[in-house]
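Work through the exercises below with the sequence and the model open side by side. Each task is followed by a solution that proceeds step by step.

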Amino acid sequence: MPVPEHNRGPRGFYGPTDSVDPKRLIPGVTVRRYTETIPGGRLDVIAPCCGRMARLDGDWMHDAHLVLCAACARTYDVQILDENDGGFGAEFVVRDERPVLVRRRGVVSWLAGQHPAG
Ligand SMILES: [Zn+2]
């Protein structure tokens, strides 16, 4: 029986049609996802954690991208792969950072009072 694609890398590899339990998105895990080119020469990629979109600008084919999902507080290194069929894939590698997200204003507290909204 062939080795499942999931077990290829030391930390795990998920193909573009594999669903991934967010608990398995530990640092080093690689996830491939499909992309969509959009007018203006940009590229939409889908975050593995929750399916939200990130829109890449500039020379997205050759740049390395640091992508942050502000909903899930996850960070990824993203590289674009030419599928040689007219389409592009995105390879997400989960990073170590788990940033602490800034929350909305409006909390009534001594601290919030030190920085009144503009
Ligand atoms: Zn997310």
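**Exercise 1. Around Ile80**

In this predicted model, find which residues Ile80 touches, not counting residues up to four places away in sequence, and state how many residues the largest nonpolar core has.

*Solution.* Begin at the side chain of Ile80 and list its neighbours: Ile80 touches Leu43, Val45, Leu56, Trp60, Met61, His65, Phe88, Gly89 and Ala90, once residues up to four places away in sequence are set aside. Next, turn to the largest nonpolar core, which has 21 residues and in which Val45 and Ile80 are those with the most contacts. Then ask where this core draws its residues from: S3, S4, S5, S6 and S7 each supply at least two, and S7 gives the most, with 4 residues. As background, nonpolar side chains in soluble globular proteins tend to be buried together.

**Exercise 2. Aromatic pairs**

Determine how many aromatic pairs the structure holds, and classify the geometry of the pair formed by Trp60 and Phe88.

*Solution.* The structure holds 2 aromatic pairs. In one of them, Trp60 and Phe88 lie 5.0 Å centre to centre with 80 degrees between the planes, and the pair is edge-to-face, given that planes over 60 degrees apart count as such. Trp60 lies in the loop between S4 and S5 whereas Phe88 belongs to strand S7, so this pair ties together parts that are 28 residues apart in sequence. Both partners are hidden from the surface, since Trp60 is buried and so is Phe88.

The rings of Tyr76 and Phe92 have centres 5.3 Å apart and planes at 90 degrees, so this pair is edge-to-face. Tyr76 is in strand S6 and Phe92 in strand S7, so the pair ties together parts 16 residues apart in sequence. Tyr76 is buried, and so is Phe92.

**Exercise 3. Strand pairing**

Establish in which sense S2 and strand S7 pair, parallel or antiparallel, and over how many bridges; then do likewise for the other strands that pair with S2.

*Solution.* S2 and strand S7 (residues 88–94) pair in the antiparallel sense over 5 bridges, and Thr30 has Val93 in S7 as its bridge partner. S2 and S3 are likewise antiparallel, joined over 4 bridges, with Thr35 standing opposite Val45 in S3. The hairpin of S2 and S3 has 3 residues between the strands, and Gly40 takes a positive phi near 95 degrees in this hairpin. Strand S1 (residues 13–14) and strand S2 (residues 30–38), by contrast, run parallel and are joined by 2 bridges; here Tyr14 stands opposite Val31 in S2.

**Exercise 4. The faces of S5 and its partner strand**

Sort the residues of S5 into a covered face and an uncovered one, and identify the bridge partner of Leu68 in S6.

*Solution.* In a regular strand, side chains alternate between the two faces of the sheet. For S5, the covered face carries His65, Val67 and Cys69, while Leu66 and Leu68 make up the uncovered one. S5 pairs with S6 in the antiparallel sense over 5 bridges, and the bridge partner of Leu68 in S6 is Thr75. The hairpin of S5 and S6 has 4 residues between the strands, and in it Ala73 takes a positive phi near 55 degrees.

**Exercise 5. The zinc site**

Identify which residues coordinate the zinc ion, and which residues Pro22 is in contact with, leaving aside its neighbours within four places in sequence.

*Solution.* The zinc ion is coordinated through the SG atoms of Cys49, Cys50, Cys69 and Cys72, at 2.3 to 2.4 Å. The angles among the 4 donor atoms run from 104 to 119 degrees, and the site is tetrahedral; the ideal angle for four tetrahedral donors is 109.5 degrees. Along the chain the donors follow the spacing C-C-x18-C-x2-C. Cys50, in the loop between strand S3 (42–46) and strand S4 (53–56), and Cys72, in the loop between strand S5 (65–69) and strand S6 (74–82), are 22 residues apart, and the pair links distant parts of the chain. Cys50 is partly exposed, with a relative accessible area of 32%, and Cys72 is partly exposed too, with 23%.

Turn now to Pro22, which lies in the loop between S1 and S2 and is partly exposed, with a relative accessible area of 37%. Leaving aside its neighbours within four places in sequence, Pro22 is in contact with Cys49 and Arg74. The C-alpha atoms of Pro22 and Cys49 are separated by 5.4 Å, although the two residues are 27 residues apart along the chain.

How values were computed:
Residues are numbered from 1 along each chain as its sequence is written. This is a predicted model: local features need pLDDT of at least 70, side-chain atom pairs count only at pLDDT 80 or more; totals for chains, interfaces and linings use all residues. Side-chain values use heavy atoms; hydrogens and water are left out. Donors are N, O and S atoms within 2.8 Å of the metal (3.2 Å for Na, K and Ca); water is not among the atoms, so sites may look incomplete. Four donors count as tetrahedral if all angles lie between 85 and 135 degrees; four count as square planar and six as octahedral if opposite donors are over 155 degrees apart and all others between 65 and 115; anything else is irregular. Buried means under 20% relative accessible area, exposed over 50%, partly exposed in between (1.4 Å probe, protein chains only). Two strands pair if DSSP finds at least two bridges between them. Rings of Phe, Tyr and Trp (its six-membered ring) pair if their centres lie within 6.5 Å; planes under 30 degrees apart count as stacked, over 60 as edge-to-face and the rest as tilted. Contact means heavy atoms within 4.5 Å. A nonpolar core is a set of buried Ala, Val, Leu, Ile, Met, Phe, Trp, Tyr and Cys residues joined through side-chain atoms within 4.5 Å.
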